[in-house]
Protein chains: 2
Amino acid sequence: MGRWEPGARGRLLDAALQLFAEQGYDATTAAQIAAQAGLTRTTLFRHFADKREILFQGQSELVSAVTAGVGSAAGEATARELLRAGIAALCAAHVPEQQEIGRRIKRLVAVTPELQERTAFKRSVLTAALEAALATRFADRRLAGALADLGIRAYYDGFWAWTDLRRAEPLADVVLQELDALEGALRNALKRT
Amino acid sequence: MGRWEPGARGRLLDAALQLFAEQGYDATTAAQIAAQAGLTRTTLFRHFADKREILFQGQSELVSAVTAGVGSAAGEATARELLRAGIAALCAAHVPEQQEIGRRIKRLVAVTPELQERTAFKRSVLTAALEAALATRFADRRLAGALADLGIRAYYDGFWAWTDLRRAEPLADVVLQELDALEGALRNALKRT
DNA sequence: GTCTATACAATGATAGAC
DNA sequence: GTCTATCATTGTATAGAC
């Protein structure tokens, strides 16, 4: 099952996913995870600031991806096009293996408040990064925030749906379609009477 | 400075706000907070599940408020009107004292990752509650989510702005005005070419 | 029913050796 | 990079005092 890279971080992720699924997050100690990965507790904490972070590694690359995606859009792009450029870059930062890993993480998060908290924080960091990137391209800070919420919602809802797919569909297809649907629903609801 | 109720929870909040401001969140132990409030560490943890929760007490009432607000709107209310009913109820759940307390909490959150995490979690819980309440009143789950994001953004941005005001303005005035502005910006950006 | 005393497991930090 | 060892603190559990 070691389909992740053989580095320490990858082995720790594999070990954590297995032990959390068997015993639950709280009942699994950092020492157990380290032992299962052939390391010691101290080494685990050299790689990850805390136990939760084992499951959320690679999230900082997503911030870079979304920022770069917005930044590389054409100069005359509209606000909506800038948003789509950022979200598409976010999706491109994922590899197909995340489909199964994401599915397993989703099950754990659903039953673990500590992981829900970290999930919410990561989402807020990503939203803030997208908002900041958009705000460098057009003046309206309020619009940047509202569009960031919309895009990140499409990304998360699309991502979780993607992890449930059995075939290998590009993540961007699922997410951008979700974004279309969200935009349509909002446009309709905000219409002036 | 004990302008909060004389109960244990209020005294602990006062003590925590003071000590966190002086020493920082991490450098302040639970025992210090308890001692400052004339209690012991054990009693602190009887009142609050963890150290962060001292600052976020009363948040569960906000969930009740937003749910009740949406639920009590007129039967023929539009989606936008339902949203405004929920947000208005949220604002009504605050007392003027929160203006100063919120200002002090904002400063602490800005420099403390642990508190940022809890803030993000509370926001996500509130968003989910609003989304669920809206979804009971109209069928479109996507619209419920997108409108919840919009309303909660107006609430938070408005709330932080409100804490900086020196006069005693109703919170709802600030927040609903923010919501108007957000709706206008989005409506314009989502317009079909 | 609110408060306290005490013991306990686990996290996360730290300093130093291989 | 990895390890051993030690440490303060959080948060839990359980007992009992006022």
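**Chatting about DNA strand C and the largest pocket**

Visitor: Happy to be here! Which atom of DNA strand C does a polar side-chain atom of A:Arg41 lie 2.7 Å from?
Guide: Good place to start, and keep in mind that this is a predicted model. A:Arg41 is listed among the closest residues to DNA strand C. The partner of its polar side-chain atom, 2.7 Å away, is a base nitrogen.

Visitor: Which atom of DNA strand C lies 2.7 Å from a polar side-chain atom of B:Thr43?
Guide: B:Thr43 is also one of the closest residues to this strand. Sugar and phosphate make up 50% of the strand's atoms within 4 Å of the protein. For B:Thr43, the atom at 2.7 Å is a phosphate oxygen.

Visitor: Which element gives the largest share of the surface near DNA strand C?
Guide: In chains A and B alike, helix H3 (41-47) supplies at least two residues of that surface. The largest share amounts to 4 residues. The element behind that share is H3(B).

Visitor: Now the largest pocket: which residues are closest to its centre?
Guide: This pocket holds about 1200 Å³ of space. Its lining counts 38 residues, and those closest to the centre are A:Ala120, A:Arg123, A:Ser124, B:Ala120 and B:Ser124.

Visitor: And how many residues of its lining are charged?
Guide: Helices H6 (98-110), H7 (113-135) and H8 (141-164) of both chain A and chain B each give two or more residues to the lining. By class, 17 lining residues are nonpolar and 8 are polar. The number of charged ones is 13.

Definitions and conventions
Residues are numbered from 1 along each chain as its sequence is written. Chains are lettered from A and ligands numbered from 1 in the order in which they are written. This is a predicted model: local features need pLDDT of at least 70, side-chain atom pairs count only at pLDDT 80 or more; totals for chains, interfaces and linings use all residues. Side-chain values use heavy atoms; hydrogens and water are left out. On a 1 Å grid over the protein atoms alone, a cavity is a set of points where a 1.4 Å probe fits but cannot get out, and a pocket is an open set with protein on both sides within 12 Å along at least five of seven lines; lining residues have an atom within 4 Å of a point. Grid points are joined across faces, edges and corners, and a volume is the space filled by probe spheres set on the points. Ala, Val, Leu, Ile, Met, Phe, Trp, Tyr, Cys and Pro count as nonpolar, Asp, Glu, Lys and Arg as charged, and the others, Gly among them, as polar. A residue is near a molecule or strand if one of its heavy atoms lies within 4 Å of it. A polar contact is a pair of N or O atoms within 3.5 Å; within protein, one must be able to donate a hydrogen and the other to accept it, and residues adjacent in sequence count only if both atoms are side-chain atoms.
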